[in-house]
Amino acid sequence: MSKGFYRPDIDGLRAVAVVPVVLHHAGFAGVPGGFVGVDIFFVISGFLITTILAREIRDGQFSILSFYERRARRILPALFVVLAACLAVGWFLLLPNQYGNLAVSVGATLLFASNIWFWMDAGDYFGHGIEFAPLLHTWSLAVEEQFYLFFPLLLWALSRASMRVWIRVIVLISLVSLALSMYATTAHPVANFYLTPTRIWELGIGALLAVGAFPALRRPAAVEAVALIGAVLIIGSILLISDHTPFPGITAIPPCLGAAFLIWAGMYGRSMIARFLTLRPVVWIGLISYSLNLWHWPVLVAARVQYGRVVNRKRTLPDRRHIEWSGGGPNHRVGGFPCERFAARF
């Protein structure tokens with residue numbers, strides 16, 4: 001993002017997204033819907049990337065190679081370090097077939113296909129045993145990168161069209177994706193959670209903000225009202241949605257709209273909510289949110305293995321003999337290995 005476009009309130013919103021995710025994964029009962037932080041990230045990403053793409057296309061400066069090069073420079077260095085750390089530690093912690101599964105998940109992550117791998121291999125994101133897949137959290141990164149395989153090219157193909165046409169196309173794609181997600185909520189819940197087609201609409205909401213689909217907020221009172229509604233939608237989602245809520249589908253709309261409303265309000269004024277989001281500690285967390293999101297899950301998995309207990313979403317403590325670290329998921333793990341087999345420390 002160019003310096004001229006920088007918005008500290010969006011970094012603050014990133015903090016609002018990542019902190020509940022980390023707390024939820026760590027087993028804090030007070031944030032049962034903390035996983036909706038991922039949906040907030042999708043909206044933020046859709047807004048920021050579309051803003052940049054739209055400007056470059058408008059100015060005749062768009063290059064697909066330059067776009068992917070910037071994405072690679074931002075994403076890959078930290079990702080490589082995390083993958084290398086997982087492989088290095090796994091060498092000491094895992095049995096050969098388990099290490100092989102980890103290596104496959106690393107390969108899927110490098111290909112930005114880990115969402116497909118975990119859909120096929122691990123099953124339910126909230127299911128038993130999934131908390132021992134050290135790269136599970138990379139599914140959302142895969143969704144984003146798969147979206148950006150086609151979306152920049154779509155906008156480039158529409159470069160001669162009016163912004164009204166852009167809006168109509170994005171609305172159409174987003175509505176189809178949302179309808180598919182609502183259908184798959186009950187028909188194919190695991191695929192619905194992991195796969196890109198049922199998540200496109202979340203990135204699409206952010207994209208619509210970027211291309212001017214939302215009306216201007218001309219009064220300070222409107223800015224405050226929209227920001228407040230956005231904050232309530234996000235907080236309510238974190239507190240009221242749980243592992244048992246069918247998700248995404250229609251229940252993902254409140255957190256996504258909440259994120260969109262906060263970004264929308266920030267385009268036209270500095271609300272009370274924005275003042276909180278731009279506090280230095282909040283912005284700082286947002287600035288490290290990508291690295292924090294990459295590291296927290298493997299560390300939690302290692303702690304579960306090392307200390308022989310699970311601190312999961314239900315705060316259960318199963319018998320040490322049933323603790324495993326899977327490179328993939330419950331369908332590809334070796335059952336019944338006691339924790340004492342994993343003697344090395346993470």
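**Entry 1: α4 against α5**

I began with the place where α4 meets α5, and I found Asn-101, Val-104, Ser-105, Ala-108 and Thr-109 on the α4 side, set against Ser-114, Trp-117 and Phe-118 on the α5 side. I note at once that this is a predicted model, so every value below is computed from predicted coordinates. Sorting the residues of this contact by class gave me four nonpolar and four polar residues, with no charged ones. For the geometry I looked up helix α4, residues 96-110, and helix α5, residues 114-121, whose axes lie 7 Å apart and make an angle of about 140°. α4 and α5 are therefore oblique to each other.

I then looked at the loop between α4 and α5, which is where Phe-112 sits. Phe-112 has a positive phi of about 55°, although it is not a glycine.

**Entry 2: α5 against α6**

Moving along the chain, I looked up α5 with α6, and their axes come within 7 Å and cross at roughly 130°. That crossing makes α5 oblique to α6. On the α5 side the contact uses Ser-114, Asn-115 and Ile-116, while α6 brings Trp-139, Ala-142, Val-143 and Gln-146. By class I recorded four nonpolar and three polar residues in this contact, and no charged ones. Ser-114 is on my list for the contact with α4, and Ser-114 is also on my list for the contact with α6.

**Entry 3: α3 against α6**

How are α3 and α6 oriented to each other? I looked up helix α3, residues 64-93, and helix α6, residues 139-157, and found an angle of about 170° with the axes 11 Å apart. The cut-off I need here is that angles over 145 degrees count as roughly antiparallel, and α3 and α6 are therefore roughly antiparallel to each other. From α3 the contact takes Ile-64, Phe-67, Tyr-68, Arg-71, Ile-75 and Leu-79, and from α6 it takes Leu-141, Glu-144, Glu-145, Tyr-148, Leu-149, Pro-152 and Leu-153. Ten of the residues in this contact are nonpolar and three are charged, with no polar ones.

**Entry 4: the largest pocket**

I turned next to the pockets, and the largest has a volume of about 850 Å³. It is lined by 33 residues, of which Arg-14, Leu-48, Ile-49, Arg-71 and Arg-74 are the closest to its centre. Arg-71 was already in my notes from the contact of α3 with α6. I listed the helices that each supply at least two lining residues, and they are α1 (8-25), α2 (37-58), α3, α6, α13 (280-287) and α14 (289-306). Which helix gives the largest share of this lining? That is α2, with nine residues. The lining as a whole divides into 15 nonpolar, nine polar and nine charged residues.

**Entry 5: the second largest pocket**

The second largest pocket holds about 260 Å³ of space. Of the 15 residues in its lining, I noted Val-16, Ile-234, Ile-235, Phe-276 and Leu-277 as the closest to its centre. α1, α10 (220-240), α12 (272-277) and α13 each supply at least two residues here, and α10 has the largest share, with five. When I divided this lining by class, I got 15 nonpolar residues, no polar ones and no charged ones. Both α1 and α13 are also among the helices that supply the lining of the largest pocket.

**Entry 6: single residues**

I looked up the peptide bond between Phe-247 and Pro-248 and found it to be cis, with omega about 5°. Pro-248 belongs to the loop between α10 and α11 (253-266).

Is Ala-274, a residue of helix α12, buried or exposed? Ala-274 has 9% relative accessibility and therefore counts as buried, the cut-off being under 20%. I also checked Ala-274 against Leu-262, twelve residues apart along the chain, and their C-alpha atoms are separated by 7.8 Å.

**Entry 7: the whole chain**

I closed with the totals, and the protein has 14 helices and zero strands. Of its 346 residues, 53% are buried. Taking the contacts between residues at least 6 apart in sequence, I found that 77% join residues at least 24 apart.

Notes
Residues are numbered from 1 along each chain as its sequence is written. This is a predicted model: local features need pLDDT of at least 70, side-chain atom pairs count only at pLDDT 80 or more; totals for chains, interfaces and linings use all residues. Side-chain values use heavy atoms; hydrogens and water are left out. Axes are lines fitted to C-alpha atoms, for helices over the stretch in contact, and angles run from 0 to 180 degrees between N-to-C directions. Helices (H or I, at least four residues) and strands (E, at least two) are DSSP runs, numbered from the N terminus. Angles under 35 degrees count as roughly parallel, over 145 as roughly antiparallel, 65 to 115 as roughly perpendicular and the rest as oblique. Contact means heavy atoms within 4.5 Å. Ala, Val, Leu, Ile, Met, Phe, Trp, Tyr, Cys and Pro count as nonpolar, Asp, Glu, Lys and Arg as charged, and the others, Gly among them, as polar. On a 1 Å grid over the protein atoms alone, a cavity is a set of points where a 1.4 Å probe fits but cannot get out, and a pocket is an open set with protein on both sides within 12 Å along at least five of seven lines; lining residues have an atom within 4 Å of a point. Grid points are joined across faces, edges and corners, and a volume is the space filled by probe spheres set on the points. Buried means under 20% relative accessible area, exposed over 50%, partly exposed in between (1.4 Å probe, protein chains only).
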